Amino acid sequence: MAKPISFTKRDLEKKKQEKRLAKQQKKEERKSSGTSSFEDMIAYVDENGMISDTPPIPSEKPQEVDMSTIAISTPRREDEPVELVHEGRIEHFNVSKGYGFVKDLKNTEKYFFHISGLIDSVIENNIVTFELERGSRGMNAVKIQLKK
């Protein structure tokens, strides 16, 4: 039968002492082996930013860099055509409160609209055309009219 694990003060102190001895022995082994020296730990960085273990040769001149080849910022995107008039469906419309939501048919985004942005009178599920305008809480649909 296995010996039960005890947690008396004497046993705990004995374990601590064994750990200290093991740690001391490992430390002495590392010192005596002497495999790593300070020279082995040094790393050098060349003019291109690459890390190497060989020191740079001072007689070599660094390469000249053509300043025009360095890109400082991202290149401009080509102007993409911006779609001004969108097509959508009235998802929700509350006449008493004067607001609703239009769901864009192309990307299924929902846009808020106020009754003041209506050109024609609409009801839910009508297909409409609208334009977008930035509002305080995101994009709003304006100039909403029935699709002809």
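Isoleucine 90 touches Phe101, Val102, Phe113, Val122, Ile123, Glu124, Asn125, Asn126, Val128 and Ile144, with residues up to four places away in sequence not counted. The model is predicted. Isoleucine 90 is also a member of the largest nonpolar core.

**The core**

That core has 11 residues. Besides Ile90, the members are Phe93, Val102, Tyr111, Phe113, Leu118, Val122, Val128, Phe130, Ala141 and Ile144. Strands E3, E5, E6 and E7 each supply at least two of them. In soluble globular proteins, nonpolar side chains tend to be buried together.

Several core members are also contacts of isoleucine 90, among them Val102, Phe113, Val122, Val128 and Ile144. The contact list includes polar residues too, such as Asn125 and Asn126.

**Strand E3 and its partners**

Strand E3 covers residues 86–94. Which strands pair with E3? One is E6, residues 127–135, in the antiparallel sense over four bridges. Here glycine 88 stands opposite valine 128. Valine 128 is a core residue and a contact of isoleucine 90.

Another partner is E4, residues 99–104. E3 and E4 run antiparallel and are joined by six bridges. Asparagine 94 of the pair stands opposite tyrosine 99 in E4. The two strands form a hairpin with four residues between them. Glycine 98 sits in the turn and has a positive phi of about 85 degrees.

**Salt bridges**

The whole structure holds four salt bridges. Three of them are tabulated here.

| Pair | Closest N to O distance |
|---|---|
| Arginine 89 and glutamate 91 | 3.1 Å |
| Lysine 110 and glutamate 91 | 4.0 Å |
| Glutamate 131 and lysine 143 | 3.7 Å |

Side chains of opposite charge can pair when their charged atoms come close.

Which residues form a network of salt bridges? Arg89, Glu91 and Lys110 are linked in this way. Arginine 89 is partly exposed, at 25% relative accessible area. Glutamate 91 also counts as partly exposed, at 25%. Lysine 110 lies in strand E5 (residues 110–114) and glutamate 91 in strand E3, so their salt bridge ties together parts that are 19 residues apart in sequence.

Glutamate 131 forms a salt bridge with lysine 143. Glutamate 131 belongs to strand E6 and lysine 143 to strand E7 (residues 138–146), so this pair ties together parts that are 12 residues apart in sequence. Glutamate 131 is partly exposed, with a relative accessible area of 28%. Lysine 143 is partly exposed as well, at 48%.

**Positive phi outside glycine**

Lysine 143 has a second notable feature. Its phi is near 55 degrees, a positive value in a residue other than glycine. The residue is placed in strand E7.

Where is asparagine 125 found? It is in the loop between E5 and E6. Asparagine 125 has a positive phi of about 70 degrees, although it is not a glycine. This asparagine is also among the contacts of isoleucine 90.

**A nonpolar patch at the surface**

Val65, Met67, Ile70 and Ile72 make a nonpolar surface patch of about 490 Å². Methionine 67 lies in the loop between strand E2 (51–52) and E3. Is methionine 67 buried or exposed? Its relative accessible area is 64%, and the cut-off for exposed is over 50%, so methionine 67 counts as exposed.

Notes: Residues numbered from 1 in each chain as written. Predicted model: local features only at pLDDT ≥ 70, side-chain atom pairs only at ≥ 80, totals over all residues. Heavy atoms only, no water. Pairing = 2+ DSSP bridges. Patch = residues over 30% accessible without salt bridge, like charges linked within 9 Å, V, L, I, M, F, W, Y side chains within 5 Å. Areas by Shrake-Rupley, 256 points an atom, 1.4 Å probe, with all protein chains shown as cover. Salt bridge = Lys/Arg side-chain N within 4 Å of Asp/Glu carboxyl O. Buried < 20%, exposed > 50% of the residue type's maximum accessible area, 1.4 Å probe, protein only. Core = buried A, V, L, I, M, F, W, Y, C linked by side-chain atoms within 4.5 Å. Contact = heavy atoms within 4.5 Å.
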